[in-house]
Each structure stands twice: as structure tokens, then as C-alpha cells.
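Welcome! Please take a look at the protein shown here, and keep it in view while you work through a few exercises.

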Amino acid sequence: MTNRPIIEVKDLKVRFPVFGGVFLGKVAEVKAVDGVTFDMMEGETLGLVGESGCGKTTIGRAVINIVRATSPDAIVEGDINFHIYPSATANALNPALRGTEEVVNVARLSKGKMRPYRSLVQMIFQDPFASLNPRLTVAKIVEEPLVIHTLMTEKERTERIGWLLQKVGLNPEQAQRYPHEFSGGQRQRIGIARALATNPKVIIADEPVSALDVSIQAQVINLLQDLQEEFGLTYLFIAHDLSVVEHISQRIAVMYLGNLVEIGPSETVYKDPKHPYTKALLSAVPLPDPKGAATRKRTILTGDIPTPLRKPSGCPFRTRCPIARPSCADQMPLLEDFGGGRMVACPWVK
């Protein structure tokens, strides 16, 4: 990991309109992401955690700029700055790495100017069964980004496909098979090979192991770590399993109802959580030691559970927070620096 940023997200907001009524007009907005700011350093793994519906996947899709493609009515505001650093080893796989250092605001890129950026930022999707085209062979699936983003010849593409399959632990001879002939873990490896095809710098991993068995999860996580070390990749690792995130991430960002509530080094956040929501999440992580699990104090959240359609005023967590004060309803708490790279969005924690 270096000390230079590769992605800077500033005050990101993503809203999805809800249509209804007799004339199918806009009746409400879902605030999926509501003013999120964070940086990703080159070569690091940033874990993004939170319960279902908090906006984790939406952030990942916004960073890679596919929100508009999948949801044309979505409203995206804020800045997503991608730093492109020149490289002496740049080749036909990533021509954007040539030349001088450049900062690209992905949130403001038009559709026609996205192609160079697409080759540098790729995504591993959550469901390995739905993310692969069942009508294409593995060779065609992995070859597709090479056809779109490079000028490689057919022979060069075939050689790279075999090399990529070997890198993810598959046999190149399996390239002519179809996705239904593979297990879930093998399909996710195919998805990883496709993401690596264009030699990207950043990979958005959207819960890449949540649909896999526990033993297969460990294999895929170890594979991702090995590939990161070999290729100098930067990961945004999205998950709801804190134990998995703590294992693979250098930093952890905790999200609740569209907002970041805590961010910091993974070991520090895991051992000494500050925000009440982070404490509640960690108290629910299963412990392998029965004695430790029996004596551990659980944090049980009570109160009203809000929705993105009707977010509470002020702090979105105040309706469930054990240390909430009346003033928490007045304004959204900002992330405050607690030292050591730790930021917490609560004025009442110590």
C-alpha cells in the first residue's frame, strides 16, 4: 500500500425516485447514499460493511459508474475522483496509464468517455450464478473485455485467457465449457478472471463470497489476497460479515442507512469500536470459542427501525441508539477525527 490516493469520494449522494399514484408520478425518493466521503489508497483493501439496505452496493456501483446504466432515473451527486498515475509498464491492456498523472471525476464523465476508465476499474459481482452469461463459454466470457478494451489479436487473447484461468486456479482446458458445468466457487473464480482481464488498478468486490460455502469462502479470499500482492490491486471489499472483512481489509468503513458512521484501521475498529452501531454489529459476530461466546455481552438494539424512504431528522441512528440525546434530532453528525486514522460520526462517544 502506498500513501497516495487512487479514489477520492466526496459528498456522494445517490437517490432513486419512487413512482406511484394514478398517473404514476414521482411520490418519494429513496436516499440510498446520503453524503458519503472517503478515500481509497493505492494498493489497500477498504472494507465496507453494514446491514442489508444500508447502501453498500450502491456506493460500489457509483464508484464504477454503472448506476446510471442500471437505473436511468437515479440522481447521482458529488465527486468521485480517480487518480491515474503514469506507468512505465503500460501496454495495450491499459493505455490510460501512459502520459502524465491525471485526475478524472467519474461522476461527471459522459457515457462516451468512460471506456479508458472502465479498463482500470472492474467489478466482481455477488452472485456467481447470475453474473455469468449461461449462453457463452468461459473463453468468451473472459475474452469479452479484451475485445472491447484492447487491440489484441485473437491469438494474444487466447493466450491471455489461458494465463488468467491459471492465475485463478482453473485449468485452461476448461475454457470451452459453459458456466453451468462449474461449481459456485469455480464460477466466482471465472468472474475474478474476467475482472482481471484488462489489468485493472481497482476492483470493486461486491460481497464476492456471501453466496459460497465457508470452506470455499476461505479459498476465494486467499486467492484475492494473492492476486492483490502480485498485481498491486486496490480493493473496495463490500460485505456484511465483519469477520471476513477484518481478515482481508487494512481499513474498515461502517455504514448505516446511507451514511458512514465510523472508519479506521481494521484492527483498531474491530478491537475497540467507538460508534454504538459498530459495537452492535461486532457483538453479533459469532465467536469460535464457546466460553468466550457465553461470557460476551451482546448489544441488543431497540427502538424504531427507519427506512431510506423516511429517514429520521438529524442522526439516522438516533431512533435505535442507546446514547441518543434530544439534540441528535437537530443535525447530521459529521465524521470527527479520533486520531490514528479513526473517524467517528458521533459527538457523544469517548
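Below are four exercises, each with a worked solution.

This is a predicted model, in which local features need pLDDT of at least 70 and side-chain atom pairs count only at pLDDT 80 or more, while totals for chains, interfaces and linings use all residues. Residues are numbered from 1 along each chain as its sequence is written, and side-chain values use heavy atoms, with hydrogens and water left out.

**Exercise 1. The sheet**

Find the order of the eight strands in the open sheet, and say which strands stand at its edges.

Solution.
- Start with the terms: strands (E, at least two residues) and helices (H or I, at least four) are DSSP runs, numbered from the N terminus. Two strands pair if DSSP finds at least two bridges between them.
- Next, read off the order, which is β6-β7-β8-β3-β9-β10-β12-β11, with mixed pairing.
- Now look at the ends: β6 (121-124) and β11 (336-339) each have a single partner strand, so one side of each is left without a neighbour in the sheet.
- Finally, zoom in on one pair. β7 (residues 202-206) and β8 (residues 234-239) run parallel, joined over five bridges. Alanine 205 stands opposite phenylalanine 237 in β8.
- Helix α7 (residues 214-231) packs on the sheet and touches β3 (45-49), β6 and β8, with its direction at about 160 degrees to that of β8. Here contact means heavy atoms within 4.5 Å.

**Exercise 2. Two crossing helices**

Describe how helix α4 and helix α5 cross, and which residues make the contact.

Solution.
- Locate α4 at residues 138-149 and α5 at residues 154-167.
- Their axes come within 10 Å and cross at roughly 115 degrees. Axes are lines fitted to C-alpha atoms, for helices over the stretch in contact, and angles run from 0 to 180 degrees between N-to-C directions.
- On the α4 side, the contact is made by Val138, Ala139, Val142, Glu143, Leu146 and Val147; α5 brings Arg157, Arg160, Ile161, Leu164 and Leu165.
- Sort them by class: eight are nonpolar, none polar and three charged. Ala, Val, Leu, Ile, Met, Phe, Trp, Tyr, Cys and Pro count as nonpolar, Asp, Glu, Lys and Arg as charged, and the others, Gly among them, as polar.

**Exercise 3. The largest pocket**

Work out which residues lie closest to the centre of the largest pocket, and which element gives the largest share of its lining.

Solution.
- On a 1 Å grid over the protein atoms alone, a pocket is an open set of points with protein on both sides within 12 Å along at least five of seven lines, whereas a cavity is a set where a 1.4 Å probe fits but cannot get out; lining residues have an atom within 4 Å of a point.
- Grid points are joined across faces, edges and corners, and a volume is the space filled by probe spheres set on the points.
- The largest pocket holds about 520 Å³.
- Of its 17 lining residues, Gln122, Phe125, Glu144, Pro145 and Arg194 are closest to the centre.
- The largest share, four residues, comes from α4.

**Exercise 4. The largest cavity**

Which residues line the largest cavity?

Solution.
- Its space is about 60 Å³.
- The lining consists of His275, Cys315, Arg318, Cys321, Ala324, Cys328, Pro333, Cys346, Pro347 and Trp348.
- By class, eight of these are nonpolar, one is polar and one is charged.
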